[in-house]
Amino acid sequence: MKDLSELRTEIDSIDNELIDLFIRRMDCAKEVGFYKKENNIPVFNAEREKEILDTVEQKGGEYGLYARLLYSNVMELSRSLQHNIMQSGSELRDKITNAKRRPAQSVRAAYQGIKGANSFEAAQKLFPGAELLNYDSFDEVFSAVDSGEVTFGVLPVENSTAGSVSAVYDLILKHRFFIVGALDLKIDHCLAGLKQSDFSDIEYVWSHPQALSQCADYIQANKLTPVPSANTAVAARDVAKEKRLNVAAICTEKAAEEYGLKILARHLQSEESNTTRFIVISKTLYIEENANKISLCFSLPHVTGSLYSLLCRFSSHGLNLTKIESRPMQGKEFNYLFYLDFTGSVNDSGILDLLCQLSEEMPEFSFLGNYTEEQANN
């Protein structure tokens with residue numbers, strides 16, 4: 001048996017041969033790219049790729065699956081090279097290149113809920129001095145942006161404790177508006193009741209389902225009955241209107257103050273660093289110079305390993321994925337749309353090339369935006 005040193009020497013020798021062969025293969029792929037460009041042939045040929053991969057797996061013997069994975073990555077790289085030669089995705093490239101800067105003044109922005117809601121606070125921080133309009137539902141915020149009644153909409157998409165706000169992601173994938181900003185807002189919940197109530201009186205807590213989830217440990221420990229409301233501030237307002245001693249709202253201190261409630265307990269959330277991420281939507285694509293996060297949506301071809309192949313392309317560029325969410329496609333059973341966030345800027349030519357390539361290959365592809373995610377100073 002060979003010792004480790006001999007085995008490593010042999011591996012180094014094989015690797016040198018593989019590198020030479022890889023360079024030759026990529027040179028051939030480049031020539032194919034020029035031929036396809038000259039003859040207006042699409043880069044992606046799913047049938048041919050499957051034939052090659054099936055053959056490779058068969059020839060690979062006991063390493064067939066490993067060989068398939070290796071060649072799948074090589075073919076991804078070949079396609080990327082050919083896309084660059086053909087300048088794929090020209091429509092998306094032009095759209096991104098011609099994107100405007102976000103207007104700083106004279107804007108109207110929509111949020112869901114009423115004064116005192118977390119969405120109201122997020123809207124104030126994102127658009128100080130702007131005219132803020134409130135709506136009863138997330139869907140109405142999208143409709144207001146769609147109709148032009150407002151320029152921007154502010155919506156919660158994710159909480160660090162309770163997870164994604166699925167209804168908002170569904171609306172993002174339905175409307176395909178652009179995301180032009182984001183804000184991480186720390187959320188601190190309190191228990192607020194009538195001025196004449198005491199903690200011992202409280203049996204029911206009203207709040208938005210997300211807030212109830214964020215405070216689930218506290219609710220259970222104190223044997224309280226949770227009752228869903230449209231919004232944390234709506235819950236505070238309704239507690240004030242209903243005047244029931246045994247009911248309290250889970251809301252922010254600002255909401256409690258807004259609706260004249262007494263704070264019975266503070267810091268109810270299960271996680272001290274409880275944070276909600278809000279996004280800004282618009283029908284117009286705005287990209288700031290310092291934008292550092294990109295959002296996309298797409299579906300995947302019905303090909304084995306298609307998600308893995310996609311993620312490999314991000315990995316090969318050294319990109320950090322921060323969110324991937326799948327949602328069922330309406331009217332298409334067991335078909336899914338994917339929402340994806342990653343850190344990066346379209347000012348990076350490699351990232352712009354990747355986006356343009358994906359726009360040609362991914363079904364249902366939409367570039368949703370490149371924007372800055374701010375941290376709120378509470």
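How are α2 and α3 oriented to each other? I took up this point at the start, working from a predicted model.

**Entry 1: α2 and α3**

I looked up the two axes. Helix α2 covers residues 46-59 and helix α3 covers residues 64-86. Their axes come within 8 Å and cross at roughly 150°. Angles over 145 degrees count as roughly antiparallel, and α2 and α3 are therefore roughly antiparallel to each other. I noted the handedness as well: the crossing of α2 past α3 is right-handed.

I then listed the residues in contact. From α2, I recorded E49, I52, L53, D54, V56 and E57. On α3, they meet G64, L65, A67, R68, Y71, S72, M75 and R79. I sorted the residues of this contact by class and obtained seven nonpolar, five charged and two polar.

**Entry 2: α1 and α3**

Next I asked at what angle helix α1 and α3 pack. Helix α1 spans residues 4-39, and I found an angle of about 40° to α3, with the axes 9 Å apart. Because angles from 35 to 65 degrees fall in neither the parallel nor the perpendicular class, α1 and α3 are oblique to each other. α1 passes α3 in a right-handed crossing.

For the contact, I wrote down F22, R25, M26, A29, K30, V32, G33, F34, K36 and K37 in α1. Their counterparts in α3 are V74, M75, L77, S78, L81, Q82, I85 and M86. By class, I recorded eleven nonpolar, four charged and three polar residues between α1 and α3. I noted that M75 of α3 appears in the contact with α2 and also in the contact with α1.

**Entry 3: the five-stranded sheet**

I turned to the strands and asked in which order the five strands of the open sheet stand. The order is β8-β7-β9-β6-β10, and the pairing is mixed. β8 (225-228) and β10 (262-266) are the edge strands; each has a single partner strand, so one side of each is left without a neighbour in the sheet. On average, neighbouring strands of this sheet are turned by 30° against each other, direction ignored.

I examined one pair within the sheet. Strand β7 (residues 204-207) and strand β9 (residues 247-251) run parallel and are joined by three bridges. For W206, I found A249 in β9 as the bridge partner.

**Entry 4: α10 on the sheet**

Finally, I asked which strands helix α10 lies across. Helix α10 (residues 232-242) lies across β6 (190-193), β7 and β9. I recorded the direction of α10 as about 155° to β9.

Terms used
Residues numbered from 1 in each chain as written. Predicted model: local features only at pLDDT ≥ 70, side-chain atom pairs only at ≥ 80, totals over all residues. Heavy atoms only, no water. Axes fitted to C-alpha atoms, helices over the stretch in contact; angles between N-to-C directions. Helix = DSSP H or I, 4+ residues; strand = E, 2+ residues; numbered from the N terminus. Parallel < 35°, antiparallel > 145°, perpendicular 65-115°, else oblique. Left-handed = near helix turned anticlockwise from the far one by under 90°. Contact = heavy atoms within 4.5 Å. Nonpolar A, V, L, I, M, F, W, Y, C, P; charged D, E, K, R; others polar. Pairing = 2+ DSSP bridges.
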